[in-house]
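Please open the model in your viewer, with the backbone shown as a cartoon and the side chains hidden for the moment. The tour below moves from one selection to the next and says at each stop what is to be found there.

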Amino acid sequence: MLARRKTAINTFPLNGSTFTANSIFGAGTLIDAGTYVVYDGTANSVTITELMKNSIYYFAVYEYNSADNCYLNPALSGNFNTTGCAACVPTSVSPSGYGI
């Protein structure tokens, strides 16, 4: 599985190539500018960490033959928007705490 932040994935793995996957975004093999390998396996889910808040991420899942690393194109693709923290709302204000 490939992942990329901000823009859709516009590349694909080259047949015969091997890659190192890591579910920490940015730690797996860099396939193209900003496109990383985040998963390689047979499970039906994976948790990707180190994603930036309030960002869109694009994913591409490739089926492949592990004997010769032949990748099936096109990939199954999709995207996901991360969320941010709720804004902090002060419960009280103390003018003496500002040191003016």
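The stops that follow go through the sheet, a loop residue, the largest pocket and some backbone details.

Before selecting anything, keep in mind that this is a predicted model.

**The sheet**

Begin by colouring the strands of the open sheet, which has 5 of them in the order E2-E3-E1-E4-E7, with antiparallel pairing. At its edges you will find strand E2 (30–32) and strand E7 (76–81), each of which pairs on one side only. If you look along the sheet from one strand to the next, the twist averages 30°. As background for this view, strands of a sheet pair through backbone hydrogen bonds, either parallel or antiparallel.

Next, select strand E1 (residues 2–5) together with strand E3 (residues 35–37), which run antiparallel and are joined by 3 bridges. Within this pair, Leu2 has Val37 of E3 as its bridge partner, while the bridge partner of Ala3 in E3 is Tyr36. Keep E1 selected and add E4, since these two strands also pair in the antiparallel sense, over 4 bridges. Here the residue to label is Arg5, which stands opposite Tyr57 in E4.

**Val46 and its contacts**

Now leave the strands and centre on Val46, which lies in the loop between E3 and strand E4 (56–61). Is Val46 buried or exposed? Neither term applies, because its relative accessible area is 30%, and residues count as partly exposed when they fall between the 20% limit for buried and the 50% limit for exposed. Show the side chains around Val46 and you will see that it touches Met1, Ser23 and Tyr39, not counting residues up to four places away in sequence. For a distance label, join the C-alpha atoms of Val46 and Ser23, which are 23 residues apart along the chain and separated by 7.5 Å.

**The largest pocket**

Stay with Met1 and Tyr39, which were among the contacts of Val46, and add Asp40, Tyr62 and Tyr64 to the selection. These five are the closest to the centre of the largest pocket, out of the 20 residues that line it. The space in this pocket comes to about 380 Å³. What is the make-up of the lining, in terms of nonpolar, polar and charged residues? It divides into 13 nonpolar, 5 polar and 2 charged residues.

**Backbone details in the loops**

For the last stops, switch to a view that shows the backbone atoms. Select Asn54, in the loop between E3 and E4, where phi is near 55°, a positive value in a residue other than glycine. Asn54 is exposed, with a relative accessible area of 57%. Then go to Asn69, in the loop between strand E5 (64–65) and E6, which has a positive phi of about 50° although it is not a glycine. Asn69 counts as buried, at 13% relative accessibility.

Finish at Pro74, which lies in the loop between strand E6 (70–71) and E7. Selecting Asn73 along with Pro74 brings up the peptide bond from the one to the other, which is cis, with omega near 0°.

Key: Residues are numbered from 1 along each chain as its sequence is written. This is a predicted model: local features need pLDDT of at least 70, side-chain atom pairs count only at pLDDT 80 or more; totals for chains, interfaces and linings use all residues. Side-chain values use heavy atoms; hydrogens and water are left out. Two strands pair if DSSP finds at least two bridges between them. Axes are lines fitted to C-alpha atoms, for helices over the stretch in contact, and angles run from 0 to 180 degrees between N-to-C directions. Buried means under 20% relative accessible area, exposed over 50%, partly exposed in between (1.4 Å probe, protein chains only). Contact means heavy atoms within 4.5 Å. On a 1 Å grid over the protein atoms alone, a cavity is a set of points where a 1.4 Å probe fits but cannot get out, and a pocket is an open set with protein on both sides within 12 Å along at least five of seven lines; lining residues have an atom within 4 Å of a point. Grid points are joined across faces, edges and corners, and a volume is the space filled by probe spheres set on the points. Ala, Val, Leu, Ile, Met, Phe, Trp, Tyr, Cys and Pro count as nonpolar, Asp, Glu, Lys and Arg as charged, and the others, Gly among them, as polar.
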